[in-house]
Amino acid sequence: MEQNALKPLPVKLLSQFTEISRDVLSDNLIGIYLHGSAAMGCFNPQKSDLDLIIVVNGTVLDTIKLEYMEKMVKLNEEAPLKGFEWSIVKKEFCKPFIYPTPYELHFSNSHLKWFQENPTDYIQKMRGADKDLAAHFTIVNQYGKVLFGEEISTVFDVVPRKNYIDSIWLDVQNACEDGISNPVYTILNLCRVLAFLQDSLILSKKMGGQWGVQSLPKEYHPLIQIALDSYIGDVEASLFSEESVHQFAEYMISQIVKLK
């Protein structure tokens with residue numbers, strides 16, 4: 001099942017992403033780095049987005065940001081279901097690492113409507129600092145792929161353990177309340193967070209679920225296995241009961257809080 005469900009990476013699409021970045025960002029571009037499921041060997045075009053970090057040398061002008069966004073939003077139409085998720089970050093904040101990490105520009109499908117309705121507002125306001133980048137940089141360091149530019153070790157510093165823990169905790173702290181709205185993500189993400197805190201393992205959602213089946217109490221194994229099957233294949237999320245997801249989330253959060 002697993003081999004049939006996981007599809008090859010959209011190499012042509014990533015090549016187009018690289019070409020646009022090189023063309024628009026020009027000499028300011030230092031490198032493009034693939035992370036997330038696409039770099040960790042568990043990409044599923046029905047469930048995964050394409051995660052990238054674009055590193056630049058200096059400030060990106062608003063006119064350049066607008067041109068970049070227009071071209072990337074157009075390219076996003078050809079992307080898998082969940083689209084691209086990317087951030088542009090200055091090298092000076094990657095090494096030495098700054099937390100929370102400032103970014104020049106960010107995009108994901110959840111922000112698409114905002115840009116389409118008011119691109120000027122988007123360009124002016126989509127900047128700041130993002131604690132999620134600590135988790136992304138950790139994955140880049142562990143599993144990342146260079147699509148263009150300098151080697152990872154010359155661009156990214158090691159993320160301190162306390163910053164990585166804070167970043168991944170923010171991603172699961174509301175699991176008990178929000179879990180049933182996205183049970184697959186919640187279950188597998190809780191597994192990989194606990195795997196890091198308990199065993200210092202940096203895992204994908206898929207690997208986190210596999211760890212959970214091996215390491216967590218047996219009563220939770222069927223639930224985790226359904227989440228895994230759904231993540232790598234086409235099992236319906238309707239198989240999850242709200243009560244089972246909530247009980248699992250409560251247990252996992254209690255374990256995470258003890259260790260973090």
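Leaving aside its neighbours within four places in sequence, which residues is Val172 in contact with? I shall begin with that residue and then turn to the pockets, the cavity, the aromatic pairs, the cysteines and the backbone. Please bear in mind throughout that this is a predicted model.

Val172 belongs to helix 9, which spans residues 161-172. Once the neighbours within four places are set aside, its contacts are Asn189, Leu190, Val193, Ile253 and Ile256. Is Val172 buried or exposed? Its relative accessibility is 3%, so Val172 counts as buried. For a sense of distance, take Glu85: 87 residues separate Val172 and Glu85 in sequence, and their C-alpha atoms are 19 Å apart in space.

Val172 also brings us to a pocket. It is one of the residues that line the second largest pocket, together with Leu170, Asp171, Gln173, Asn174, Ala175, Asp178, Ser181, Asn182, Tyr185, Thr186 and Asn189. Asn189 is thus both a contact of Val172 and a lining residue of this pocket. The volume of the second largest pocket is about 190 Å³. At least two lining residues come from each of helix 9, helix 10 (175-178) and helix 11. By class, this lining has four nonpolar, six polar and two charged residues.

I now come to the largest pocket, with a volume of about 1000 Å³. Its lining comprises 40 residues, and the closest to the pocket centre are Asp49, Lys82, Tyr185, Arg192 and Lys205. Tyr185 therefore deserves a second mention, as a residue that also lines the second largest pocket. Two or more lining residues of the largest pocket come from each of helix 3 (37-40), strand 3, helix 7 (132-143), helix 9, helix 11 (183-199) and helix 13 (221-232). Which element gives the most to this lining? That is helix 11, with six residues. The lining of the largest pocket divides into 15 nonpolar, 16 polar and nine charged residues.

Next, the enclosed space. How many cavities of 30 Å³ or more does a search of the whole structure find? The search finds one, and the space in this cavity is about 30 Å³. Its lining consists of His35, Asp51, Leu52, Ile53, Glu85, Trp86, Ser87, His106 and His136. Strand 2 (50-56) and strand 3 each provide at least two of these residues. In terms of class, three lining residues are nonpolar, four are polar and two are charged. Glu85, which I used earlier for the distance to Val172, is among the residues lining this cavity.

Trp86, another residue of the cavity lining, leads to the aromatic residues. Across the whole structure, 12 aromatic pairs are found. One of them joins Tyr68 and Trp86 in an edge-to-face arrangement, with ring centres 5.2 Å apart and 80° between the planes. This pair links distant parts of the chain, with Tyr68 in helix 4 (residues 62-76) and Trp86 in strand 3 (residues 84-90), 18 residues apart. Both Tyr68 and Trp86 are buried. Elsewhere, Tyr33, Phe97, Tyr99, Phe137 and Phe156 make up one aromatic cluster.

On the cysteines, the count of disulfides is zero. Why does Cys42 not form one? The closest cysteine sulfur to that of Cys42 belongs to Cys191, and at 14 Å it is too far for a bond. Cys42 counts as buried because its relative accessibility is 1%, and Cys94 counts as buried because its value is 0%.

Finally, the backbone. Most residues other than glycine have a negative phi, and most peptide bonds are trans. Against that background, the peptide bond from Lys95 to Pro96 is cis, with omega near 0°. A cis peptide bond also joins Tyr99 and Pro100, with omega about -10°. Pro96 sits in the loop between strand 3 and strand 4 (101-103), and Pro100 is found in the loop between strand 3 and strand 4 as well. Tyr99 has already appeared as a member of the aromatic cluster.

Two serines have a positive phi although they are not glycines. For Ser26 phi is about 55°, and for Ser200 it is about 60°. Ser26 lies in the loop between helix 2 (11-25) and strand 1 (29-35), and Ser200 in the loop between helix 11 and helix 12 (205-215). At 42% relative accessibility Ser26 counts as partly exposed, while Ser200 is partly exposed at 48%.

Definitions and conventions
Residues numbered from 1 in each chain as written. Predicted model: local features only at pLDDT ≥ 70, side-chain atom pairs only at ≥ 80, totals over all residues. Heavy atoms only, no water. Helix = DSSP H or I, 4+ residues; strand = E, 2+ residues; numbered from the N terminus. Buried < 20%, exposed > 50% of the residue type's maximum accessible area, 1.4 Å probe, protein only. Contact = heavy atoms within 4.5 Å. Phe/Tyr/Trp six-rings, centres within 6.5 Å; stacked < 30°, edge-to-face > 60°. Disulfide = S-S within 2.5 Å. 1 Å grid on protein atoms, 1.4 Å probe; cavity = no way out; pocket = protein on both sides within 12 Å on 5 of 7 lines; lining within 4 Å. Points joined across faces, edges and corners; volume = space filled by probe spheres on them. Nonpolar A, V, L, I, M, F, W, Y, C, P; charged D, E, K, R; others polar.
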